[in-house]
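This report goes through one chain, from its overall fold to single residues. The sequence and the structure come first.

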Amino acid sequence: MKPEIKICGLKTPDAVERAVARGASHVGFIFFPKSPRNISPEDAAELADRVRGQVKIVAVTVDAGDEELDDIVSLLRPDILQLHGHESPERILHLKALYGLPVMKAFSVREAGDLDRVDPFIGVADRFLFDAKAPAGSELPGGNGVSFDWSLMASLDESVEYMLSGGLNKDNVASALSSTRARGLDISSGVESAPGVKDLGMIDAFFDAVNSSRRQSA
Ligand SMILES: O=C(O)c1ccccc1NCC(=O)[C@H](O)[C@H](O)COP(=O)(O)O
């Protein structure tokens with residue numbers, strides 16, 4: 001099955017259009033002021049309008065309040081809310097009822113026990129994303145360009161369909177696909193020439209690597 005690919009942290013028209021032209025299934029916009037990928041809801045909406053309907057638009061937030069989310073949802077009109085903070089199952093149910101949008105809950109992973117936190121979210125979150133825990137000193141809960149031990153994913157309940165993220169790039173994507181049962185891959189730093197700066201050549205190289213790994217496993 002063709003993996004879903006989410007290119008995250010987009011800020012420019014050329015990168016959004018290249019991601020979609022190369023076959024991204026999702027494009028992500030980051031609403032987190034400390035991130036080099038932070039974007040305003042207005043600017044994100046302008047970018048999203050170029051590709052709306054061709055790809056799922058994902059709004060990435062971190063423990064955002066209702067007021068901030070109201071702005072993001074009304075301006076960007078995302079297809080999915082990605083919650084990358086400490087949101088509880090109750091908070092997710094509240095947001096789903098409020099906006100009628102599917103929620104992708106992100107979990108950070110370093111050791112096997114980190115996957116135990118997933119259980120209360122099964123049947124609550126619509127999608128799951130597993131990312132590496134932030135390295136010491138990082139102020140970002142995601143987008144750190146670091147991977148975790150993907151073999152840990154083998155212990156996850158098989159009913160949980162997920163996206164894998166954290167430190168993916170053209171050189172390790174084949175291994176990510178062959179060593180996990182990830183339904184999708186989510187990448188940010190691995191297609192950047194500097195934090196927050198997407199590189200069209202690196203986007204191309206990433207999709208080339210995905211396609212070549214699929215041909216080899218066919
Ligand atoms: O990317 C960010 O700056 C970010 C900031 C705050 C919360 C989440 C963030 N990113 C979320 C993502 O979905 C990233 O694509 C994911 O963490 C993978 O990033 P990377 O390791 O750089 O590929």
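The chain holds 6 helices and 10 strands. The coordinates are those of a predicted model. Along the principal axes, the C-alpha atoms occupy a box of roughly 45 × 40 × 35 Å. The radius of gyration is 16 Å, which agrees with the value near 17 Å that a compact globule of 218 residues would have. Of the 218 residues, 39% count as buried. Among contacts with a separation of 6 or more, 54% join residues that are 24 or more positions apart.

According to UniProt, in an unreviewed entry, residues 5–208 carry the feature "domain: N-(5'phosphoribosyl) anthranilate isomerase (PRAI)". Helix makes up 27% of the span 5–208 and strand 23%. The C-alpha atoms at the two ends of this span are 12 Å apart.

**Nonpolar core**

In soluble globular proteins, nonpolar side chains tend to be buried together. The largest nonpolar core of this chain has 55 residues, and the members that touch the most others are Ile 7, Val 27, Phe 29 and Leu 185. Helix H6, residues 200–217, gives the largest share of this core, with 5 residues.

Leu 185 has contacts in several parts of the sequence. Leaving out residues up to four places away, Leu 185 touches Pro 3 and Ile 5, then Met 163, Leu 164 and Leu 168, and also Val 173 and Ala 176.

Ile 187 lies in strand S8. Is Ile 187 buried or exposed? Ile 187 counts as buried because 30 C-beta neighbours lie inside 10 Å, where the cut-off for a buried residue is 20 or more. Beyond four places in sequence, the contacts of Ile 187 are Ile 7, Cys 8, Ser 165, Leu 168 and Phe 206. The pair Ile 187 and Ile 7 is separated by 180 residues in sequence, while their C-alpha atoms are 5.3 Å apart in space.

**Around the ligand**

Which residues come nearest to the ligand? Of the 26 residues around the ligand, these are Cys 8, Ser 35, Gly 142, Gly 143 and Ser 189. By type, the shell has 14 polar, 9 nonpolar and 3 charged residues. At least two residues of the shell come from strand S2 (26–31), and at least two from strand S8 (184–187). Cys 8 appears both in this nearest group and among the contacts of Ile 187.

**Helix H6 and the loop before S8**

Leu 200 belongs to helix H6. Leu 200 has 17 other C-beta atoms within 10 Å and is therefore partly exposed. Outside its neighbours within four places in sequence, Leu 200 is in contact with Asp 14, Ala 15 and Arg 18. Leu 200 and Ile 7 are 193 residues apart along the chain, with 12 Å between their C-alpha atoms.

Ala 205 is also placed in helix H6. With 17 C-beta neighbours inside 10 Å, Ala 205 counts as partly exposed. From Ala 205 to Gly 23, 182 residues away along the chain, the C-alpha separation is 13 Å.

Ala 182 sits in the loop between helix H5 (173–179) and S8. Ala 182 is buried, as 21 other C-beta atoms lie within 10 Å. Apart from neighbours within four places in sequence, Ala 182 is in contact with Pro 3, Tyr 162, Met 163, Leu 164 and Ala 176. Pro 3, Met 163, Leu 164 and Ala 176 are also touched by Leu 185. Ala 182 and Tyr 99 are 83 residues apart in sequence, and their C-alpha atoms are 27 Å apart in space.

**Positive phi values**

Two loop residues on either side of helix H3 are set out below.

| Residue | Phi | C-beta atoms within 10 Å |
|---|---|---|
| Asp 63 | near 50° | 13 other C-beta atoms |
| Arg 77 | near 55° | 15 C-beta neighbours |

Asp 63 is in the loop that joins strand S3 (56–61) to helix H3 (66–76). Arg 77 is in the loop between H3 and strand S4 (80–83). Asp 63 has a positive phi although it is a residue other than glycine, and Arg 77 is likewise a residue other than glycine with a positive phi. Asp 63 is partly exposed, and Arg 77 counts as partly exposed too.

Definitions and conventions. Residues numbered from 1 in each chain as written. Predicted model: local features only at pLDDT ≥ 70, side-chain atom pairs only at ≥ 80, totals over all residues. UniProt positions renumbered as here; feature names shortened; annotations may be inferred. Helix = DSSP H or I, 4+ residues; strand = E, 2+ residues; numbered from the N terminus. Core = buried A, V, L, I, M, F, W, Y, C linked by C-beta atoms within 7 Å. Buried ≥ 20, exposed ≤ 12 C-beta atoms within 10 Å, placed from the backbone. Contact = placed C-beta atoms within 7 Å. Near = placed C-beta within 6 Å. Nonpolar A, V, L, I, M, F, W, Y, C, P; charged D, E, K, R; others polar. Rg over C-alpha atoms; globule rule 2.2 N^0.38 Å.
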